[in-house]
Amino acid sequence: MAQHSSQAVRPAGLHRVVVIVDENSNPFELGCAIEVFGLRRPELGRELYDFGLCSPGPSTLMRDGFFTLTGVAGLEAAEAADTLIVPNRPDVEVPRRRAVLGAIRRAHARGARLVGFCSGAFTLAEAGVLDGRRAAAHWQWADAFRARFPSVRLEPDVLFVDDGDILTAAGSAAALDLGLHVVRRDHGAEVANSVSRRLVFAAHRDGGQRQFVERPVPEIPDESLAPVLAWAQEHLDAPLTVSALAARAAVSPATLHRRFRAQLGTTPLAWLTGERLALACRLIERGESRFEVVARRSGLGTAAHLRTLMRRGTGLTPSAYQRRFGPPGVN
């Protein structure tokens, strides 16, 4: 299977994302990385990343022998990565190759960002770069991970963990959540929303949401939250409360809370705050420079509250976010 997308000519100076593919790697997470970071973005009028694959050998047998990957760069390509996505494999008890672990350690030492999808947390921990750090891992392997790597601060039952220069996603689908989070961190909410629309995937699920959703398909009678979510998204500037959402859904607040937990893995208040923060980011990106207006239109109330939530959610103040993602010339 020859590699074509990463060999296409890209503009110079783009952030370089490299995925290490090793024996028995999972095809799904590899596909997630290609979809989020490797595809061209004509709808945006610009490219987001320079993307490539590499492997320790000339051919790599993927998980369960589904197919063999050939025609990709050697492991030396990892040395030029700004973001390095490490191998994830179902055989978590099998040691990773020394060459792969060495490439990860060198990338970390020179300041590259490291990303692990699903069992990729095992690879990062084995490389020794997660000692004393926060990480996420699939719930199925949580006990095994804790027993093997007690110095890592595993956060159970979350979708992903952003620990600055090391990011980990809990499971297969959470790889898309973390990928979009990285795009949002690098390029802002509007670009991340565009990528998610192309994926036909939820634009934003906070990393703190639960891995396991109790009832992903609503039983009959229909208990889907979709109608009340769509209504709330159209009224974020209004003084919405959990009671107001419950009234709109014609249920009690307690029932609404149970449905949010079951279907979205979060609480109504946390979801509402996340949607308001995402709207505030989009308003700033579109050129609204008056932060009190941004706070009011997004339902966050005051510029001070906006500042607190933006620092917590994006790591940036509104002014810093504006300088990084706002239109040119807007101060």
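The legends below describe an overview and several close-up views of one predicted model.

Residues are numbered from 1 along each chain as its sequence is written, and side-chain values use heavy atoms, with hydrogens and water left out. Because the model is predicted, local features need pLDDT of at least 70 and side-chain atom pairs count only at pLDDT 80 or more, whereas totals for chains, interfaces and linings use all residues.

**Figure 1. Overview of the chain, with its 13 helices and 11 strands.** Helices (H or I, at least four residues) and strands (E, at least two) are DSSP runs numbered from the N terminus. The chain has 331 residues, of which 52% count as buried; buried means under 20% relative accessible area, exposed over 50%, and partly exposed in between (1.4 Å probe, protein chains only). About 15000 Å² of the chain is exposed, and carbon and sulfur atoms supply 55% of that area, with accessible areas taken from the Shrake-Rupley method with a 1.4 Å probe. Of the contacts (heavy atoms within 4.5 Å) between residues at least 6 apart in sequence, 64% join residues at least 24 apart.

**Figure 2. Surroundings of Asn24, in the loop between β1 (15-20) and α1 (27-38).** The side chain of Asn24 reaches the backbone nitrogen of Asp64 at 3.1 Å. Apart from neighbours within four places in sequence, Asn24 is in contact with Leu61, Met62, Arg63 and Asp64, and also with Asn88, Arg89, Pro90 and Asp91. Two of these contact partners, Arg89 and Asp91, also belong to a network of salt bridges that links Asp22, Glu23, Arg89, Asp91 and Arg97; a salt bridge places a side-chain nitrogen of Lys or Arg within 4 Å of a carboxyl oxygen of Asp or Glu.

**Figure 3. The aromatic cluster of Phe122, Trp141, Phe145 and Phe149.** Rings of Phe, Tyr and Trp (its six-membered ring) pair if their centres lie within 6.5 Å, and planes under 30 degrees apart count as stacked, over 60 as edge-to-face and the rest as tilted. By this rule the count comes to seven aromatic pairs. The pair of Phe145 and Phe149 is tilted, because the ring centres are 5.2 Å apart and the planes stand at 55 degrees. Phe145 is buried, its relative accessible area being 0%, and Phe149, at 11%, also counts as buried.

**Figure 4. The aromatic pair of Tyr321 and Phe325 in helix α13 (residues 318-325).** The two rings are tilted, at 4.7 Å centre to centre and with 55 degrees between the planes. Tyr321 and Phe325 are four residues apart, about one turn of the helix, and both are buried.

**Figure 5. Salt bridges of Asp163 with Arg133 and with Arg134.** The closest N and O atoms of Asp163 and Arg133 are 2.6 Å apart. This pair links distant parts of the chain, since Asp163 lies in the loop between β10 (160-162) and β11 (166-169) and Arg133 in the loop between α3 (120-126) and β8 (134-135), 30 residues apart. In the salt bridge of Arg134 with Asp163 the corresponding distance is 3.3 Å, and here strand β8, which holds Arg134, is linked to the loop of Asp163 across 29 residues. Asp163 is buried at 18% relative accessible area, whereas Arg134, at 23%, is partly exposed.

**Figure 6. The salt bridge between Glu47 and Arg40.** The side chains meet at 3.3 Å, N to O. Glu47 is buried, with a relative accessible area of 15%, while Arg40 is partly exposed at 36%. The salt bridges of the model number 20.

Conventions
Polar contact = N/O pair within 3.5 Å; in protein donor to acceptor, adjacent residues only side chain to side chain.
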